[in-house]
Every structure is written in C-alpha cells, then in structure tokens.
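Biologist: Could you give me a close look at a single part of this model, the start of the chain? Take your time, and follow the trail wherever it leads.

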Amino acid sequence: MTYIGFDIGGTKCAACLGVKREGGIDIVAKRAFPTPKPWQAAVEELFRAAEELLRAHGEPVSACGFSCGGPLDSASGVVMSPPNLPGWDNVPLVRLAEERFHAPAFLENDANACALAEWRWGAGQGAHSMAFLTFGTGLGAGLILDDRLLRGANGNAGEVGHIRLAAFGPAGYGKEGSFEGFCSGGGIAQLAVTLGRRAVQNGRRPAYLEGGYEGVTTKAVAQAAYAGDETAIEVFERCGEKLGEGLSVLVDVINPEAIVIGSVFTRCEDLLRPAMERVMARECLSASLAAVRVLPAKLGEAIGDYASLCAAEYGLSCR
C-alpha cells in the first residue's frame, strides 16, 4: 500500500511518499519547503509536490494523511485557526485532498500523529498503552490506550502541557507553573534566565549567558551543563524534577506500558533522567511504576514524515 503524507508546520511543510512493507514502512521520496502564505498557496504546493512524487514513482495512492498543529477537528477534517498558522481558519484539508487525489484522507493533531508513529514504528512498538510527549518548543502529548488513539470529547485529550505543577514558575500553554512551562525548550530558557540572574547576583556568571539574557537557548544551557556549569546543571535538575511530577500523573492515571519522549529529552536524557526517576519513585503507585518504561523517541528528525504517513495508515485501518 502507498500513502501520501503531509506534514504541516508554522515554518516548513513537507510532502512524502511511503510504501508499506512487512514490518514497517519505507519513505521512498520527500519534498520539503518553507510554509507559504496564505494557506491556499501552502496547500497547492503540498498537493503539487505529492503529484510530482507520485509521477516519479508510479504508485497508486491508498490514502493521504495530514499531521498538523491544532486546534483542528479530525472527524470533519478541518483545521481551525492554529496559533502557528495564521489565517488557517476552517480549512477543509480532508475534503480538498480527497477531491484532488481520489483517495481517503485523514487529519490528525501533530502530537497524536507522532504518538501513532512512535507506537507503530518507533520506541513504543509492542505496547498496548503508551503516552508520547513532544518536549520541544512546547509540550504536546498523544495517548494510545488499549491499542486505540484517545482523542476525547472534542479532540483535546492528551493536552498534558496545561497541567499546573506549581503556583508560580515558567509560563507555558498560557499558564504559569504549567507542565509545559517547566518541560519545554521555551520553559527551560525561562528557568535558565531566572536562575542565571540569581547566580549573577551571587557573583557567578553562567556560561550560557554569554549572549545576554535575551539570547538564552536550551541548546546553550545544555552545552554549559555538559561542560560542568553548576547553574546549567541546576536548570536541568529542576526541569527533571518537574518532568518526574508530570509523568507521575500520567503513570497513575492511565497506567501505560511506555512513555516515549521526544526532542529535548532525546538530546539531554542523561541530564534529566536522574531527577525524573527520583521523583517518580516517590510519587508513582509502585505497581504502575514497575510496569512502565520511559524511553527517548526513536524516529528522530524523520518523525514528522512518519507521523503524516501514520495518520493515513491508522485512519484507513479504523474505517
């Protein structure tokens, strides 16, 4: 079976062609480009790219899949004004794709699509219940429960980044002290600035402040931590503790076999895991903790491509 995958982001888009093989799926071709404006131009370029890939490889299409940031309505296939896609107001992606390619099309929130991809072809293979956390610019999540994607009453299941972990702290998801505030690239930078100001007041200047407070990035803080900077190490210690608190809620509520975490966690696991595990040992139900594995995502930079293809495969399997 051959699938077209469309990965739509605020800065870049990609169309890819995937062929299902025994035990997996092969990405046989891809074209990526900066996201055009307005949405009509972006959709047209995506569709033209897919048509070029299909002509080059001569494959009939079984289904199309979209992975896109929300809010969106998977049931109706409509994108509804995502904050990272200005002007994408009530865009009927599924209808447009089905009319163009004469094949079923399916739309998934990007975190849900990534969860499906890691479950089917990544670190979560073999699990019947799994949570996937993006841990990138923000903290999105997708939940697989008893071999089914959990969408919820109106598609908002899995928005764990909005959980408040402290009365005060880095802001994320529109809420101070939220899970996203502590456990995201933006949140780590906020925390690093706060702890950096304290260090400067005590006569120490963390290495990651070379570019000033405005130039602090998660990458710079991680580099400083690996070089032994004590303030940078403390930033990741604090983040790891809050990661453990947030994961403990997931472990106790949904009792997953695996929690797969992407982006920052995959690159900085050794800085985060010790504090995370200490908190989970203290907070989780012991039997549930014994049943779960916390794993770095496996699909790496290709996860967006696999996610869009998985939206097609999973959607087709649920018809």
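Modeller: Sure, here's a walk from the early strands and their helix to a buried glutamate and the pockets.

Bear in mind that this is a predicted model, where local features need pLDDT of at least 70, side-chain atom pairs count only at pLDDT 80 or more, and totals for chains, interfaces and linings use all residues. Residues are numbered from 1 along each chain as its sequence is written, and side-chain values use heavy atoms, with hydrogens and water left out.

Let's begin with the strands (DSSP runs of E, at least two residues; helices are runs of H or I, at least four, and both are numbered from the N terminus). Strand 1 and strand 2 run antiparallel and are joined by seven bridges (strands pair if DSSP finds at least two bridges between them). The hairpin linking these two strands has three residues, and glycine 5 sits opposite cysteine 16 of strand 2. On to strand 3: ten bridges tie strand 2 to it, again antiparallel, with glycine 18 partnered by isoleucine 27. The hairpin here has two residues between the strands, and glycine 23 takes a positive phi near 85°. Strand 2 is largely enclosed by the rest of the structure, because seven of its ten residues are buried (under 20% relative accessible area; over 50% is exposed and in between is partly exposed, with a 1.4 Å probe and protein chains only).

Next comes helix 1, residues 39-57. Its 19 residues reach 27 Å from first C-alpha to last, close to the 27 Å expected (1.5 Å times one less than the number of residues). Buried residues of helix 1 include Trp39, Leu46, Phe47 and Leu54. What covers the buried residues includes strand 1, strand 2 and strand 3, along with strand 4 (63-68), strand 7 (89-91) and helix 2 (93-101). Glycine 58 follows helix 1, with a positive phi near 60°.

Strand 7 takes us to another sheet, an open one of three strands in the order 5-6-7 with antiparallel pairing. Strand 5 and strand 7 are at its edges, each with a single partner strand, so one side of each has no neighbour in the sheet. Strand 5 pairs with strand 6 (78-80) over two bridges, and aspartate 73 has valine 78 of strand 6 as its bridge partner.

Now for the glutamate. Glutamate 108 lies in strand 8 (105-109) and is buried, at a relative accessible area of 3%. Beyond its neighbours within four places in sequence, glutamate 108 contacts (heavy atoms within 4.5 Å) residues including Phe66, Cys68, Ser74, Arg151 and Ala311.

Finally, the pockets (on a 1 Å grid over the protein atoms alone, open sets of points where a 1.4 Å probe fits, with protein on both sides within 12 Å along at least five of seven lines; lining residues have an atom within 4 Å of a point). The largest has a volume of about 1,600 Å³ (the space filled by probe spheres set on the points, which are joined across faces, edges and corners). Among its 42 lining residues, those closest to its centre are Asp110, Thr134, Gly136, Thr137 and Gly138. Strand 1 returns here as one of the elements giving two or more residues to that lining.

The second largest pocket is about 340 Å³. Asp73, Ser74, Ala75, Leu107 and Arg151 are the closest to its centre of its 21 lining residues. Strand 8 gives the most to this lining, with five residues.
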